[in-house]
Amino acid sequence: MTWVVGNIDKVRPAWEALGLSDIQEYPNLQLVGQFRGKPVTIYAWQITGHLGNLTVDMIQPAEGQANAYTNFLAKHGDGILSIVHEVPSREALEKEKFYG
């Protein structure tokens, strides 16, 4: 699960109180991708932890950028951007593709 937040320091204690464990910090991420058809470099801070067997990635994008993370925050505030799961095979993945 990918949770986009405006401030990791504010939400992390609550997640730890819920049982988030095995936390790894990635304070200076630089990601390359596309947003609305244009290339972007995304600067962010991420923590990854576990609630039982659920992996939770929390990402805080740097301010002043235009990308999917900052767009999500502007529209919705802190919240779940994506839910990810593992498939057993390439064939299973092909069966799940959605073209909409």
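These legends go with a set of close-up views of one predicted model. Residues are numbered from 1 along each chain as its sequence is written, and side-chain values use heavy atoms, with hydrogens and water left out. Because the model is predicted, local features need pLDDT of at least 70 and side-chain atom pairs count only at pLDDT 80 or more, while totals for chains, interfaces and linings use all residues.

**View A. Tryptophan 3 and tryptophan 15 meet edge-to-face.** Rings of Phe, Tyr and Trp (its six-membered ring) pair if their centres lie within 6.5 Å; planes under 30 degrees apart are stacked, over 60 edge-to-face and the rest tilted. That rule gives one aromatic pair. Its ring centres, on tryptophan 3 and tryptophan 15, sit 5.1 Å apart with the planes at 75 degrees, so the pair is edge-to-face. Twelve residues separate the two: tryptophan 3 is in strand β1 (residues 2-4) and tryptophan 15 in helix α1 (residues 8-18). Helices (H or I, at least four residues) and strands (E, at least two) are DSSP runs, numbered from the N terminus. Tryptophan 15 is buried at 11% relative accessibility, while tryptophan 3, at 21%, is partly exposed. Here buried means under 20% relative accessible area, exposed over 50% and partly exposed in between (1.4 Å probe, protein chains only).

**View B. Arginine 12 and glutamate 16 share a salt bridge on helix α1.** A salt bridge puts a side-chain nitrogen of Lys or Arg within 4 Å of a carboxyl oxygen of Asp or Glu, and the structure has four of them. In this one, N to O is 3.0 Å. The partners are four residues apart in α1, about one helical turn. Arginine 12 is buried at 19%; glutamate 16 is partly exposed at 38%.

**View C. Helix α3 (residues 90-96) carries a salt bridge between glutamate 94 and arginine 90, and another between glutamate 91 and lysine 95.** For glutamate 94 and arginine 90, the closest N and O atoms are 3.8 Å apart. Arginine 90 is exposed at 58%, whereas glutamate 94 is partly exposed at 37%. The bridge from glutamate 91 to lysine 95 spans 3.7 Å, N to O, and again four residues, about one turn, lie between the partners. Both glutamate 91 and lysine 95 are exposed.

**View D. The largest nonpolar core has ten residues.** A nonpolar core is a set of buried Ala, Val, Leu, Ile, Met, Phe, Trp, Tyr and Cys residues joined through side-chain atoms within 4.5 Å. Members include Met1, Val11, Trp15, Trp45 and Val56. Two or more residues each come from α1, β3 (38-51) and β4 (54-61), with α1 giving the largest share, three. Beyond its neighbours within four places in sequence, valine 56 is in contact (heavy atoms within 4.5 Å) with residues including Met1, Trp15, Leu20 and Ile47.

**View E. Helix α2 (residues 68-76) has its buried residues on one face.** Those residues are Tyr69, Thr70 and Phe72. Looking down the axis, they fall within an arc of 155 degrees, so they line one face of α2; the arc is taken from the directions from the helix axis to the C-beta atoms. They pack against β1, β2 (21-35), β3, β4 and β5 (79-82). Turned away from that side are the exposed Ala74 and Lys75. Just after α2, glycine 77 has a positive phi of about 75 degrees.
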